[in-house]
Protein chains: 2
Amino acid sequence: MKTCEIISVGTELLLGDILNTDAQFLAQELAKLGLGVLHQSVVGDNHDRLLKALGQAAERSDIIILSGGLGPTPDDITKEVACEFFSKELVLHEESLERMTKYFKNKGLDMPESNKKQAMLPADCVVFENNNGTAPGLGMEKDGKHILLLPGPPRELKPMFTESAVPYLKQFSDKVIISHNIRTFGIGESAMSQEVEDLLDSENPTVAPYAKDGEALLRVTAMADNEEEAEKLCAPVIEKIRSRLSDYIYGIDYTCIEEAVVEMLKEKGLKLATAESCTGGLIGKRITNISGASSVFDCGIISYSNEIKHKILGVNEDDLKKYGAVSEQVAKQMATGVLKLSGADIAVSVTGIAGPLSDGTNKPVGLSYIALADKDNVWVKKLNTGRKDRDYNRYVNASNALNMVRVYLNKR
Amino acid sequence: MKTCEIISVGTELLLGDILNTDAQFLAQELAKLGLGVLHQSVVGDNHDRLLKALGQAAERSDIIILSGGLGPTPDDITKEVACEFFSKELVLHEESLERMTKYFKNKGLDMPESNKKQAMLPADCVVFENNNGTAPGLGMEKDGKHILLLPGPPRELKPMFTESAVPYLKQFSDKVIISHNIRTFGIGESAMSQEVEDLLDSENPTVAPYAKDGEALLRVTAMADNEEEAEKLCAPVIEKIRSRLSDYIYGIDYTCIEEAVVEMLKEKGLKLATAESCTGGLIGKRITNISGASSVFDCGIISYSNEIKHKILGVNEDDLKKYGAVSEQVAKQMATGVLKLSGADIAVSVTGIAGPLSDGTNKPVGLSYIALADKDNVWVKKLNTGRKDRDYNRYVNASNALNMVRVYLNKR
């Protein structure tokens, strides 16, 4: 098996200014290709240290993946140092220059002179086109060692890796690794793990539990000579998990619960409306993250103040005073209010105290009420995360609202 | 200046199963202590490779910070390998054993036999107590080189670093590093860099450009004997940048443009409302990310369909047919519509094609119209990102809407 290593280049990483999400993405993708990653490192935009890091990497690995430092400014030197290391000369790559010029033109701009250096590439490399930015990436070889250069911004790196680096790397990959993520909502990581304890020791496929942002998932991973065989190894284990966790599972290989919700709404031909207080638009934002959400979602009201809750959603003013904005009563009226206003089939609402500060009442930070209404009924759920973390509370509130919709649709 | 490096130990990092947030945290904290980090690396739980990594690190750095691999299972070997490298023997540390026994007892559990190895420490080390888990950390020295061991889980590592590693490291820290981020909107990275080209070569403070998600920023970083002197070095350079980039700058050391907008609205005592189509609640979500946004934001309408644009926001049906939902006319009417409905002082609206698919018209994916209305006027801006990336388009649309509010408020 060929060994791979990842070198992330950027002083901003050494200073901790940005989180190294590129390295995680690359590690995951290389694992899927069956390419073992034994080392990852980070170096700054520094000629000598980068050259030395390349030397050490080439001693122990067959393929070196470098990300970052392909920008137009003088401190971007990754390509130059990599070419120095491989003794390759940079020449102008007309096609890339044309593509970059067009890229700027489409934005109504002239290409700055400084960007031209991004089109200078070694003559015998494989060029990775950048469809989301200016700097092209590349793959090049010398004496059996390979260097791949990718841009640092994740929005550019990820699609370029999938479109161009994967085909380049396929030549080195003799095993296939396949993973499936079984995503659940409403069960904790420990409880979920207990349900499948006997499966956690299996070796091929492996079964591993993960927890994040109020959700738990199981990853089933198999290695085999080809995709078909790997899938055959996974299938019976996934079936076992499915039968044990049943309704907690919202999807296999979905990336998020909103994907499941949009899919189910489409299937059933139903429309959803939202009324959000503490989540401030996050539920709407998450639903409309999904391309094609327009066929199932057409209206959301962000009613951050009591006045708007009354004026637009028709929440009773006396109830607002008597029970407070964060109450069962108000949550219910928000849901029924937006249902009427929008003409949707179902509506979901959230009102809560996201924190970190209290709302001036004696209700705890982390408390929220989530309601779901259809034409005949309205249900409400009380939640208390016990945390003062605003981002966490808002995210988990939105997830619970989406899950309430999922559970409702499951029964329809 | 002493140099530091970070080695993260864990096969789960090499596989990309978890994001290396520890490395970012450590890098940030070490920078604050004035300890330069020139290398970060990740190795698996593997004896030979870890030993080799330590050797390379000790050649180039004075202080090596290792995180992870202090657990009770046989594959946790970081401490054992570090002691082998420094030729130190492990002996039982009674105090840690007692603390760990108590830790389990408090949870109503007996301590598993396997955890005892976590209390084996080199005789002459400085023990870092773990108040959030079992494994103690430590600092140790040999021939002027230092190794610090910290547990991998962030909720154990972070407090231990602050409580115990910082006091240990203070002995090496004779300099202070201070950074300020000058954040701009509406100017590209290249154009911004050209405006301050002469400053990019300066050495103390350094000035470095960064770009992310449609924004560009300049980081000014100074090193000095104390904070006051470092600030004195930064001040004149920041002043120069401020005078050259003036209106493009939305804030210094702000984390995002919504922070600037909420701050300005508060200052001027004005309220904002939003009407969102393609951004689907993202503007509202970003504004309400900011704690205390409730005093300046109380209403947002997510009008994803034409019907809702007409019914709730009062957009003219004929205009919707004639010009289409993604048009100057509709953007303007969305802004004026939500302004009336909400009673806010200003309103901002976005309508566009986020993609990746077209909306069935011949308008390009990436096109959007952003409008801003106050009681007397309404302005509209056309934007075309030229990209098909839904997340990017939505984010940049929301940023441009927020920037339009900022520019408006700047002149009031």
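Author: Two strands pair if DSSP finds at least two bridges between them. This model is predicted.

Reader: In which sense do strand 13 and strand 14 of chain A pair?

Author: Strands of a sheet pair through backbone hydrogen bonds, either parallel or antiparallel. Strand 13 (residues 272–276) and strand 14 (residues 297–303) of chain A share five bridges. Across this pair, A:Ala275 stands opposite A:Ile301. The sense is parallel.

Reader: Which strands are the edge strands of the open sheet of 10 strands?

Author: The order is 17(A)-16(A)-15(A)-13(A)-14(A)-14(B)-13(B)-15(B)-16(B)-17(B), with mixed pairing. An edge strand here pairs on one side only. The edge strands are strand 17 (378–384) of chain A and strand 17 (378–384) of chain B.

Reader: What does the twist average from one strand to the next?

Author: Take the open sheet of 10 strands again. From one strand to the next, its twist averages 15°.

Reader: Is A:Asp143 buried or exposed?

Author: A:Asp143 lies in the loop between strand 7 (137–142) and strand 8 (145–150) of chain A. Its phi is positive, near 50°. A residue counts as exposed if 12 or fewer other C-beta atoms lie within 10 Å of its own. A:Asp143 has 6 such neighbours, so it is exposed.

Reader: Which peptide bond is cis in the loop between strand 15 (346–352) and strand 16 (367–373) of chain B?

Author: Most peptide bonds are trans. That loop holds B:Pro356. Omega is near 0° for the cis bond, which runs from B:Gly355 to B:Pro356.

Technical notes:
Residues are numbered from 1 along each chain as its sequence is written. Chains are lettered from A and ligands numbered from 1 in the order in which they are written. This is a predicted model: local features need pLDDT of at least 70, side-chain atom pairs count only at pLDDT 80 or more; totals for chains, interfaces and linings use all residues. Helices (H or I, at least four residues) and strands (E, at least two) are DSSP runs, numbered from the N terminus. Axes are lines fitted to C-alpha atoms, for helices over the stretch in contact, and angles run from 0 to 180 degrees between N-to-C directions. A residue is buried if 20 or more other C-beta atoms lie within 10 Å of its own, exposed if 12 or fewer, and partly exposed in between; C-beta atoms are placed from the backbone.
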